[in-house]
Amino acid sequence: MAKLKLGLQLGYWGAQPPPDFVERAVEAENLGYDSVWTAESWGNDCFTPLAWIGARTSTIRLGTSVAQLSARTPTACAMAALALDHLSGGRMILGLGVSGPQVVEGWYGQPYAKPLTRTREYVDIIRQVLRREAPVTSDGEFYPLPFRGDNAWGMGKPLKPITHPLRADLPIFIGAEGPKNVTQTAEIADGWLPLYYSPYRQEVYADQLAGAPAGFEISSTVMVNINDDLATALYPVKAMLGFYIGGMGSKQRNFHKELMARMGFADEAETIQNLFFEGKRDEAIACVPDAFADEISLCGPKERIREKLQDWEDSPVTSLLIHGDLQLIRDMAELVL
């Protein structure tokens, strides 16, 4: 298997932009990182910070992890991607994701219906834009082009992008959790952005990835905490899991909770969610199994992390996307590159 690559996961902003996100990206490029990724939730968008980074770098690949489908139409998304690809000299990776019903319906004001169908239509339209072989059309349920539905003027016509895309094969990655979504990702995308991947439970996704083409990339976000005390190192991972499994989603449907159950921790996931909804967040975090947190992260002393990296090398994962300060970026370069 090819050696693991490293990517810098900058995520989405909190109350303010991180003051050093460009500095970290530049340092990652200097150290030999393969990629840098930006995200969006319901604050900043993911393309603007990536353009800012692209203007200060020259070789590192620039990825969105992820651009939310409901944030923009597929043609608008394709326009942003082809513009960034030109400006960066062909370094763009378009990472897409459907997000969840709370964000889609609560923030974007759109129905969260048939996410797999929407994703397939979305990717197909973007591929048409990037190929620029013919005017873009779609008779799909969610993104019809031209639009001829209610209140249409009936004057729309298929169009080609004015700007010729730099690459027809600009890579498209998809953030997917559910089995059907991962199967579709292996079919229609160039890469997968998994959440909570465990190199010790490769069977969880083995069937879904069986049809992936040659060169298919798997770029997994992995929390890294270097500390001689393992319990201390694991706590931020458990806190993250407690929040996502307990509160990122409704009581009726939480994709993160469902994934934890598929990975063998169904009872614990149920307990975490119940405690979180009761307002007992500290107890919810304490109930996250150390074993689960440890499997999906790289925690502990440097030598322990070095040993665990071999297990990731032996998995289908091609890149580890890590989030951290300048020191952690350097430490991981020392361990991996």
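**View 1. The residue following helix α3.** Gly 89, just after α3, has a positive phi of about 75°. Helices here are DSSP runs of H or I with at least four residues, strands are E runs of at least two, and both are numbered from the N terminus. The model is predicted: local features need pLDDT of at least 70, side-chain atom pairs count only at pLDDT 80 or more, and totals for chains, interfaces and linings use all residues. Residues are numbered from 1 along each chain as its sequence is written, and side-chain values use heavy atoms, with hydrogens and water left out.

**View 2. Helix α3 and its two faces.** Helix α3 covers residues 74-88, and its end C-alpha atoms lie 21 Å apart, in agreement with the 21 Å expected for 15 residues at 1.5 Å a residue (the expected span is 1.5 Å times one less than the number of residues). Pro 74, Cys 77, Ala 78, Ala 81, Leu 82, Leu 84, Asp 85 and Ser 88 are buried (under 20% relative accessible area; exposed is over 50%, partly exposed in between; 1.4 Å probe, protein chains only). These buried residues fall within an arc of 165° seen down the helix axis, so they line one face (the arc is taken from the directions from the helix axis to the C-beta atoms). Met 79 and Leu 87 are exposed on the face turned away from the buried side.

**View 3. The cover over α3.** The elements covering the buried residues of α3 include α2 (47-54), β3 (61-64), β5 (92-97) and α5 (115-131).

**View 4. Glu 217 in strand β8.** Glu 217 belongs to β8 (residues 217-221) and is buried, at 13% relative accessible area. Its side chain makes a polar contact of 2.9 Å with the side chain of Arg 61 (a pair of N or O atoms within 3.5 Å; within protein, one must be able to donate a hydrogen and the other to accept it, and residues adjacent in sequence count only if both atoms are side-chain atoms).

Technical notes:
Contact means heavy atoms within 4.5 Å.
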